[in-house]
Amino acid sequence: MKPEIIFTGKGHAGTQATLETEYTVHKLYEAADKPAFLRGVGERVRAVASFGHYPVDGKLMDALPKLEIVSNFGVGVDQIDLDAAKKRGVVVTNTPDVLNECVADTALGLILSTLRKLPQSDAYLRTGAWATKGPYPLTTSLGGKTLGILGLGRIGEAIAKRAQACGMNIRYHNRRRKDSPFPYDPDPVALARNSDVVMIVTPGGAETKNLVDAKVLDALGPEGYLCNIARGSVVDEPVLLKYLQEKRIAGAGLDVFADEPRVPEAFFELDNTVLFPHVGSATIETRKAMGDLQIENLRLHFAGKPVRTRVV
Ligand code: 8YV
């Protein structure tokens, strides 16, 4: 008998196809009546394969009394209630490291696009403005500027390497200082005050919710830029929008948003903002590597072996 598992979201096609050959899969995201769906299958389900932002909370875990493991597709587990999992003895795994370089590439692309207004200059040419209005207006260089990394973990380190290659100086803030050659700022406001560009690389969740607020944006100032490759929840989004509209910061580059895939349309009107649809790790190679790791964690668990990348 194949173990019975649940998909919480429509995710990476190759990964889900492989899982459907190895397990009896129930697709929660397709259920019109989720409580009825869970009453129907919940007693038999031993694992959740988590895709996207659907909350894997205590309520869902209680509907799955035989739940043993939540295997997440992605490094961020802010949609999973880790305390609830711990309390119930449920193992949680994620897919770290295999995406570090790819996300860091996207982060550099975000910095380049935001400071050099690359998408805007592309649109300028495509609309014929180059021929009618002349050269695209000058923008600003990366070289010599200070990049403040908010959350210097493994992805943050990979971003720092790329930014240094572009001539940027690096500083950082973490909850705790780490062994690093880069200057440390004791809080996000100090980091923003000392930086030209702040790149958010922290985990999402309650601990970092609205960590970047009006005080941080005031410290960043009218010549400062904010980039976010982490989670939309880390920024007070309505405040950020207001600061961009009033040019109280110079610009923003955002790959993540508070209520994805819904993005406030007021952002679309802004010329000082670059918007990506959460493509940080979205390459063929990286998403396959993430899926392979998610699958491996499930296989190891059901073989009675230690999982590869355990969170709790
Ligand atoms: C993916 C991510 O967009 O790994 C994460 O935490 O945010 C990205 O890699 C996400 O995992 C896709 O569901």
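Okay, let's start with one residue: Thr-146 has a relative accessibility of 15%, so it counts as buried, since the cut-off for buried is under 20%. Before I go on, please remember that this is a predicted model.

So where does Thr-146 sit? You'll find it in strand S6, which covers residues 146-150. And what does Thr-146 touch, once we skip residues up to four places away in sequence? There's a group at Met-168, Asn-169 and Arg-171, and then a run of Asn-194, Ser-195, Asp-196 and Val-197.

Let's step back to the whole chain. In terms of secondary structure, we have twelve helices and eleven strands. If you lay the C-alpha trace along its principal axes, the spans are about 70 × 45 × 30 Å. Now, a compact globule of 312 residues would have a radius of gyration near 20 Å, and this chain has 21 Å, so the two agree. Buried residues account for 51% of the 312. As for the outside, the accessible surface is about 15000 Å², and carbon and sulfur atoms hold 54% of that.

One more number for the chain as a whole. Take the contacts between residues at least 6 apart in sequence: 59% of those join residues that are at least 24 apart.

Gly-291 is a nice residue to look at next. It lies in helix H12, residues 284-302. Is Gly-291 buried or exposed? Its relative accessibility is 0%, so Gly-291 counts as buried. Now look for Gly-11 on your screen: Gly-291 and Gly-11 are 280 residues apart in sequence, and in space their C-alpha atoms are 9.5 Å apart. If we leave aside neighbours within four places in sequence, Gly-291 is in contact with Thr-15 and Phe-73.

Next up, Tyr-136. This one is in the loop between helix H7 (129-133) and S6, and S6 is the strand where we found Thr-146. Tyr-136 comes out at 22% relative accessibility, so it counts as partly exposed. Which residues is Tyr-136 in contact with, leaving aside neighbours within four places in sequence? They are Lys-117, Gln-120, Ser-121 and Tyr-124. There's also a distance worth having: Tyr-136 and Leu-125 are eleven residues apart in sequence and 8.5 Å apart from C-alpha to C-alpha.

Let me pick up Lys-117 from that list. It lies in the loop between helix H5 (100-116) and helix H6 (118-126). The backbone there has a positive phi of about 50°, although Lys-117 is not a glycine. With a relative accessible area of 22%, Lys-117 is partly exposed.

Asn-210 also has a positive phi without being a glycine, and here the value is about 55°. Its loop runs between strand S8 (197-200) and helix H10 (214-220). At 30% relative accessibility, Asn-210 counts as partly exposed.

While we're on the backbone, which two residues does a cis peptide bond join? That would be Glu-260 and Pro-261, with omega at about 0°. Pro-261 lies in the loop between strand S10 (251-254) and strand S11 (273-275).

Last topic: empty space. How do we find it? You roll a probe the size of a water molecule over the atoms, and that shows where empty space is left.

How many cavities of 30 Å³ or more does a search of the whole structure find? Just one. Its volume is about 50 Å³. The residues lining that cavity are Asn-228, Gly-232, Val-235, Glu-237, Leu-240, Leu-254, Val-256 and Phe-267. Sort them by type and you get five nonpolar, two polar and one charged. Leu-254, by the way, is one of the lining residues, and strand S10 covers 251-254.

Then there are pockets, and I'll show you the second largest. It has a volume of about 350 Å³. Of the 20 residues that line this pocket, the closest to its centre are Asp-78, Arg-231, Ser-233, Phe-257 and Ala-258. Its lining divides into six nonpolar, seven polar and seven charged residues.

That's my tour. If you'd like one thing to try on screen, go back to Gly-291 in helix H12 and find Thr-15 and Phe-73, its contacts beyond four places in sequence.

Terms used:
Residues are numbered from 1 along each chain as its sequence is written. This is a predicted model: local features need pLDDT of at least 70, side-chain atom pairs count only at pLDDT 80 or more; totals for chains, interfaces and linings use all residues. Side-chain values use heavy atoms; hydrogens and water are left out. On a 1 Å grid over the protein atoms alone, a cavity is a set of points where a 1.4 Å probe fits but cannot get out, and a pocket is an open set with protein on both sides within 12 Å along at least five of seven lines; lining residues have an atom within 4 Å of a point. Grid points are joined across faces, edges and corners, and a volume is the space filled by probe spheres set on the points. Ala, Val, Leu, Ile, Met, Phe, Trp, Tyr, Cys and Pro count as nonpolar, Asp, Glu, Lys and Arg as charged, and the others, Gly among them, as polar. Helices (H or I, at least four residues) and strands (E, at least two) are DSSP runs, numbered from the N terminus. The radius of gyration is taken over C-alpha atoms; the globule rule is 2.2 Å times the number of residues to the power 0.38. Buried means under 20% relative accessible area, exposed over 50%, partly exposed in between (1.4 Å probe, protein chains only). Contact means heavy atoms within 4.5 Å. Accessible areas come from the Shrake-Rupley method with a 1.4 Å probe; for residues, only the protein chains shown count as cover.
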